[in-house]
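Grab a pencil and keep the viewer open. Below are some short exercises, each with a solution that goes step by step.

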Amino acid sequence: MAEAAHQAFFMFWQTLWALVLGFVLSGLVQAYVSRSKMQAVLGDHGPAAIGRSTFFGVVSSSCSYAAAALAKTLFSRGADFTAAMVFMLASTNLVVELGLVLWLLLGWQFALAEFVGGVVMVVLMAYVLPRVIPARLIDQARTRLNGGQAHGDHAHGAHDHGAAEARGNLRDAASYTIADLTMLRKELVIGFVVAGILAAAVPTSVWQALFLTGHGWVTAVENAIVGPFLAIISFVCSVGNVPLAAALWTGGIGFGGVIAFVFADLITLPLLVIYRKYYGTAITLRLAAALWAIMSVAGLVVEVLFSWWGIVPGRRAGFASMELAWDHTTYLNIVAVILLIVVVVLARTRQESSGYAIDPICGMQVEIAHAPAVRQGPDGAVYFCADRCADRWDKGQGPAPMAPAAVVPEQPLLQIGLRPPTEREDHGHHV
């Protein structure tokens, strides 16, 4: 276990500055980019709308659960289903922090592969989803999400027009950054710990038994197919799966298989359960199959392209330098820690605003005007980043529901653009 902890710590040390930088940039974008503008330009799945979906995803949060919740919200309010799914895909697989961590742990080729493969997946998704998910099922899902109304505009009319768009500032951006780090802390810890254990304890023969090696194109195809399956059962999402990908690469898995594994953070078992609640079983089965196929094909395409270009990286014996030294990594980490301290101070000194609340379950900052779920607590409305967190709150799981940061003082709900709590709760149970 000592060797596993040693490996995990130095993987974390190599990526610390990149994680801080990525989350700070994500917080800035979340504070300053208007969500109302996002959903207004995603009304179809034409090339322009798909391009906008991709861009908004790239500059959004990297958390898989938050991305799924926001995509559902955009869809329920009128965004095209395919455009919403492209947004979700881009927000978890084309974000800055993921590319930086891939670069540091695995090399620049993997960071480039993320963006090349991400573009391939966006193109494939824009083509495949409208052909495998019938419009009838999409209409039924939207109606169910909107509490029986045929159109999101009707169900959320008061919400859209009654709530002012929150104006972001540096303190709001800092709060988003801390909230994202808090929300992803478990995934990050699990990712580094599991990667350390795999690197220290699992021999290469185990990976060779699970993944084919030495059979040419057959190996590439099999690895690209099996990679997402390993992601499904690993439960590790977002940036947290990169250290595990590093362990797989060191263990002998093919380049395309590792890339497909990294892409597959959107089809872990907990997220498939969430999709079923949002969109129903029929759409979830089609979406899961489509995503698995798209991710496998993207991984295979990347491997073929990079082999053709001659830039598939050589396999590393380890992850990085295993000793602390006064090098560029240490200097960058010192700057990152100072920056993180500044961010924490800004977040703590942010004045209470009726425009934001903190999810009491996961700690994510939620913009009240666009909260995916809301419940009525003893002291007022309580806001959540996703139905998953609201369900846990309903069941009495997680922190106490009366946490001050999570509860917004009682006020007329129509003034902040929300339907009465009983209706919202009924809406949630229909999903």
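**Exercise 1. Work out whether K277 is buried, exposed or partly exposed, then find its salt-bridge partner.**

Step 1. K277 has 24% relative accessibility, so it counts as partly exposed. The cut-offs: buried is under 20% relative accessible area, exposed is over 50%, and partly exposed is in between (1.4 Å probe, protein chains only).

A word on the ground rules before going on. This is a predicted model, where local features need pLDDT of at least 70, side-chain atom pairs count only at pLDDT 80 or more, and totals for chains, interfaces and linings use all residues. Residues are numbered from 1 along each chain as its sequence is written, and side-chain values use heavy atoms, with hydrogens and water left out.

Step 2. Look for a salt bridge, meaning a side-chain nitrogen of Lys or Arg within 4 Å of a carboxyl oxygen of Asp or Glu. K277 meets D391 this way, at 2.0 Å from N to O.

Step 3. Place the two ends. D391 sits in helix 19 (residues 387-394) and K277 in helix 16 (residues 269-279), so the pair ties together parts that are 114 residues apart in sequence. Helices here are DSSP runs of H or I with at least four residues, strands are runs of E with at least two, and both are numbered from the N terminus.

**Exercise 2. How many salt bridges does the rule give, and which residue does R375 pair with?**

Step 1. The count comes to two salt bridges.

Step 2. R375 pairs with D394, with 3.0 Å from N to O.

Step 3. R375 belongs to strand 3 (residues 373-377) and D394 to helix 19, so this bridge ties together parts that are 19 residues apart in sequence.

Step 4. Check the burial of each end. R375 is buried, at a relative accessible area of 4%, while D394 is partly exposed at 38%.

Step 5. Stay with helix 19 a moment. Its buried residues include D387, C389, A390, D391 and W393, and just after the helix G396 takes a positive phi of about 80°.

**Exercise 3. R142 is buried: find what its side chain reaches, and how far away the nearest side chain of opposite charge is.**

Step 1. Locate R142 in helix 8 (residues 135-145).

Step 2. Try for a salt bridge. R142 has none, and the nearest side chain of opposite charge, D139, is 5.1 Å away. For charges, Lys and Arg count as positive and Asp and Glu as negative; His and the chain ends are not counted.

Step 3. Turn to the backbone. The R142 side chain reaches the backbone oxygen of F75 at 2.4 Å.

**Exercise 4. Which residues have the most contacts inside the largest nonpolar core, and which helix gives the most to it?**

Step 1. A nonpolar core is a set of buried Ala, Val, Leu, Ile, Met, Phe, Trp, Tyr and Cys residues joined through side-chain atoms within 4.5 Å. The largest one has 106 residues, and F81, M85, Y275, Y279 and M295 have the most contacts inside it.

Step 2. Helix 17 (residues 281-309) gives the most, with ten residues.

Step 3. Zoom in on F81. Setting aside neighbours within four places in sequence, F81 is in contact (heavy atoms within 4.5 Å) with F75, L129, I133, I138, Y279 and I283.

Step 4. Apart from the largest core lies another one of eleven residues, including L16, W17, A336 and V343.

**Exercise 5. Take L100 and V101 and list what each one touches outside its own stretch of sequence.**

Step 1. L100 is placed in helix 6 (residues 96-106), and so is V101.

Step 2. L100 is buried at a relative accessible area of 19%, and V101 is buried at 1%.

Step 3. Skip neighbours within four places in sequence. L100 is then in contact with A18 and L21, while V101 touches T15, A18, L19, V239 and V242.

Step 4. Add C-alpha distances. L100 and A111 are eleven residues apart along the chain and separated by 6.9 Å; V101 and W17 are 84 residues apart in sequence and 9.3 Å apart in space.

**Exercise 6. What share of the protein chain's residues counts as buried?**

Step 1. Of 431 residues, 56% count as buried.

Step 2. For the overall fold, tally 20 helices and five strands.

Step 3. Among contacts between residues at least 6 apart in sequence, 79% join residues at least 24 apart.

Terms used
A polar contact is a pair of N or O atoms within 3.5 Å; within protein, one must be able to donate a hydrogen and the other to accept it, and residues adjacent in sequence count only if both atoms are side-chain atoms.
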